[in-house]
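User: I would like to go through this structure by asking what stands behind each label that is put on it. Please set the values against the cut-offs as we go.

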Amino acid sequence: MKLLIKNNKELIKYLPMLDASITFDRLTQDLILATEEVAKIIGDDMYDHVMNLYENSTDESKQLIDIIAYPIAVDAYRK
């Protein structure tokens, strides 16, 4: 499954309170699990649509991407 959050910069956008010891690499597995949970809730078709918007983002699509990526980041951090 493709991830909406792909690096530390994007992770810190949603979780600015992270310190240097918590990196993208340390949360990758949790991000995968959180992504699967969100995809179950919104449906695979909608997640695929958001991924398509992410890969071809515009200013208008960034809000929807943020709405989906934020709970993924928070859930991964809590795990």
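**Labels and the values behind them**

Analyst: Asp75 touches Ala34 and Glu37, leaving out residues up to four places away in sequence. The model is a predicted one, and Asp75 is found in its helix α4, which covers residues 59–78.

User: Why is Asp75 called buried?

Analyst: The label buried requires a relative accessible area under 20%. Asp75 has a relative accessibility of 16%, and therefore it counts as buried.

User: What makes the pair of Asp75 and Arg78 a salt bridge?

Analyst: The rule asks for a side-chain nitrogen of Lys or Arg within 4 Å of a carboxyl oxygen of Asp or Glu. In the pair of Asp75 and Arg78 the closest N and O atoms are 3.4 Å apart, and the pair therefore satisfies the rule. The two residues are three apart in helix α4, which means that about one helical turn separates them. Arg78 is exposed, with a relative accessible area of 64%, whereas Asp75 is buried. Asp75 and Arg78 also belong, together with Lys79, to a network of salt bridges.

User: How many salt bridges are there by this rule?

Analyst: The count comes to six salt bridges. One of them joins the side chains of Glu37 and Lys40, with an N to O distance of 3.5 Å. Glu37 and Lys40 are three residues apart in helix α2, so about one helical turn lies between them.

User: Why is Glu37 called partly exposed, and why is Lys40 called exposed?

Analyst: Exposed means over 50% relative accessible area, buried means under 20%, and partly exposed is the range in between. Glu37, at 36%, falls in that middle range and therefore counts as partly exposed. Lys40, with a relative accessible area of 63%, passes the upper cut-off and is therefore exposed.

User: How do you know that the salt bridge of Asp66 with Lys13 ties together parts that are apart in sequence?

Analyst: The closest N and O atoms of Asp66 and Lys13 are 3.0 Å apart, and the two residues form a salt bridge. Asp66 lies in helix α4 and Lys13 in helix α1, so the pair ties together parts that are 53 residues apart in sequence. As for accessibility, Asp66 counts as partly exposed at 26%, while Lys13 is exposed at 52%.

User: What makes Tyr14 buried, and which residues is Tyr14 in contact with?

Analyst: Tyr14, whose place is in helix α1, has a relative accessible area of 11%; the cut-off for buried is under 20%, and Tyr14 is therefore buried. Leaving aside neighbours within four places in sequence, Tyr14 is in contact with Ile5, Ile65, Asp66, Ala69, Tyr70 and Ala73. For Tyr14 and Ala69, which are 55 residues apart along the chain, the C-alpha atoms are separated by 7.8 Å.

User: Why is Pro16 called exposed, and where does Pro16 lie?

Analyst: Pro16 lies in the loop between α1 (8–14) and α2. Its relative accessible area is 61%, the cut-off is over 50%, and Pro16 is therefore exposed. Pro16 and Thr58 are 42 residues apart in sequence, and their C-alpha atoms are 23 Å apart in space.

User: What describes the packing of helix α2 and helix α3?

Analyst: Two packed helices are described by the angle between their axes together with the distance between those axes. For helix α2 (residues 24–42) and helix α3 (residues 44–55), the angle is about 115° and the axes are 6 Å apart. On the α2 side Thr35, Ala39 and Ile42 take part, and they meet Asp44, Met46 and Tyr47 of α3. By class, the residues of this contact divide into four nonpolar, one polar and one charged.

User: Why is the protein as a whole called as compact as a globular protein of its length?

Analyst: The protein has four helices and zero strands, and its elements run α-α-α-α from the N terminus on. Its radius of gyration is 12 Å, close to the 12 Å that the globule rule gives for 79 residues, and therefore it is as compact as a globular protein of that length. The C-alpha atoms fill a box of roughly 35 × 25 × 15 Å along the principal axes, and 35% of the 79 residues count as buried. Among contacts between residues at least 6 apart in sequence, 69% join residues at least 24 apart.

Methods:
Residues are numbered from 1 along each chain as its sequence is written. This is a predicted model: local features need pLDDT of at least 70, side-chain atom pairs count only at pLDDT 80 or more; totals for chains, interfaces and linings use all residues. Side-chain values use heavy atoms; hydrogens and water are left out. Axes are lines fitted to C-alpha atoms, for helices over the stretch in contact, and angles run from 0 to 180 degrees between N-to-C directions. Contact means heavy atoms within 4.5 Å. Ala, Val, Leu, Ile, Met, Phe, Trp, Tyr, Cys and Pro count as nonpolar, Asp, Glu, Lys and Arg as charged, and the others, Gly among them, as polar. The radius of gyration is taken over C-alpha atoms; the globule rule is 2.2 Å times the number of residues to the power 0.38. Buried means under 20% relative accessible area, exposed over 50%, partly exposed in between (1.4 Å probe, protein chains only).
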